[in-house]
Amino acid sequence: MKTKSRITSIVKADSLDATITGFQSFDLSKLNLQSDLDFILPTNIRLGHLEEKIVSELIKSSTNYNVLFEHFQIIEDRKTLGEIDFIIKNRIDKKLIHLELAYKFYLFDPGISSEPINNWIGPNRNDSLIEKLNKLKNKQFPLLYHKCTASKLETIDIDSVSQALCLLVSLFIPYEFKTKLSPSYEKAIKGYYLNLETFISLQDSEKSYCLPSKKEWGMDASENKIWTNYQDVENQIMKSIEEKQAPLCWQKYKGTYLSFFIVWW
């Protein structure tokens, strides 16, 4: 995995704003960063933790924000109640922000509801945008005001801390989906999804593929250097579908690059 490309993919990732989430948003574009930023990344952690590490380093590398606390657990009677992602400080106006962070891949299933916000689900249908937002509202953000948090943050005035969400997303719509979504969603659409039967029907000998690892999801497919034909990825795709795991697939065809999920459902 190219670390610089992975970092760039996070810096340029789209975030859902307050019109969708209902929370004050913190866009990474607010960070004053030097160009061509690079730093060492761990190789033995999951994508979510990798993204947290990158964002932490970005904030620390910026000239206008600083990290005061990060990833600290709130514990009561030996029971972990949850974890606060970041408390950051604006170096200019000295204001403090409790920042919650997430990096998600959601697929739009129009059959779930007439309300678009209810229709964004994980590739394997085991999580959703609305569930994430409810967890933030009912659990994550209230942690700041729990009595056990005050003892952890003795050096700051909790009442002066604002709260914000950085929800980085890559959104995927059904293959040949024609309905327009709100601009807040449209800007974050990175590709489409289809079932195995449709994928097979679209085969062409000139198409090349790559099945990126989970830690490469969200990176630019055009930067990938190793491509193969359908026959070389067929077994891996079939195995994923049998295990009810929707793989992300990159495709190169006549100088164009596509990203899409092949779903089992």
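Q: Why do the side chains of K104 and D127 count as a salt bridge?
A: The term asks for a side-chain nitrogen of Lys or Arg within 4 Å of a carboxyl oxygen of Asp or Glu. For K104 and D127 the N to O value is 3.9 Å, so the pair meets the 4 Å limit. K104 belongs to strand β4 and D127 to the loop between β5 (120-121) and α4 (129-140), so the bridge ties together parts 23 residues apart in sequence. Helices (H or I, at least four residues) and strands (E, at least two) are DSSP runs, numbered from the N terminus. Please keep in mind that this is a predicted model, in which local features need pLDDT of at least 70 and side-chain atom pairs count only at pLDDT 80 or more, while totals for chains, interfaces and linings use all residues. Residues are numbered from 1 along each chain as its sequence is written, and side-chain values use heavy atoms, with hydrogens and water left out.

Q: What makes K104 partly exposed?
A: Its relative accessibility is 23%. Buried means under 20% relative accessible area and exposed over 50%, with partly exposed in between (1.4 Å probe, protein chains only). K104 therefore takes the middle label, and D127, at 22%, is partly exposed too.

Q: Why are D14 and K190 said to meet in a salt bridge?
A: Their N to O value is 2.6 Å, so the pair satisfies the rule. D14 is in strand β1 (residues 14-15) and K190 in strand β7, so parts 176 residues apart in sequence are tied together. D14 is buried at 17%, whereas K190, at 39%, counts as partly exposed.

Q: What makes E76 and K147 a salt bridge?
A: The closest N and O atoms are 3.4 Å apart, and that fits the definition. This pair links distant parts of the chain, with E76 in strand β2 and K147 in helix α5 (residues 147-152), 71 residues apart. At 22% E76 is partly exposed, while K147, at 63%, is exposed. By this rule the structure has six salt bridges.

Q: Why are C210 and C249 not called a disulfide?
A: A disulfide is a pair of cysteine sulfur atoms within 2.5 Å. The sulfur of C210 is 7.9 Å from the closest cysteine sulfur, in C249, so the two are too far apart for a bond. Searching the whole structure finds zero disulfides. Both residues are hidden from the probe: C210 is buried at 13%, and C249 is buried at 0%.

Q: How do you know which label, stacked or edge-to-face, fits the rings of Y192 and F260?
A: Phe, Tyr and Trp rings (for Trp, its six-membered ring) pair if their centres lie within 6.5 Å; planes under 30 degrees apart count as stacked, over 60 as edge-to-face and the rest as tilted. The centres of Y192 and F260 are 5.2 Å apart and their planes are at 5°, so this pair is stacked. Y192 sits in strand β7 (residues 189-195) and F260 in strand β10, 68 residues apart. Y192 and F260 are also buried. They belong to one aromatic cluster with Y175, F199, Y209 and Y230, and the count of aromatic pairs comes to 17.

Q: What makes the charged end of R125 sit over the ring of W265?
A: The rule asks for NZ of Lys or CZ of Arg within 6 Å of the ring centre and within 35 degrees of the ring normal. R125 is 4.5 Å from the centre of the W265 ring. K214 likewise lies over the face of W217, at 4.9 Å from the ring centre.

Q: Which residues have the most contacts inside the largest nonpolar core, and what makes it a core?
A: A nonpolar core is a set of buried Ala, Val, Leu, Ile, Met, Phe, Trp, Tyr and Cys residues joined through side-chain atoms within 4.5 Å. The largest has 40 residues, and L58, I88, L99 and F261 have the most contacts inside it. Elements supplying at least two of its residues include α3 (47-61), β3 (79-90) and β10 (256-263). Apart from it lies another core, of 20 residues, among them Y106, W120, L181 and A188.

Q: Why is S56 called buried?
A: S56 has 3% relative accessibility, so it counts as buried. This residue of helix α3 touches V67, E70 and F86, leaving out residues up to four places away in sequence. Contact here means heavy atoms within 4.5 Å.
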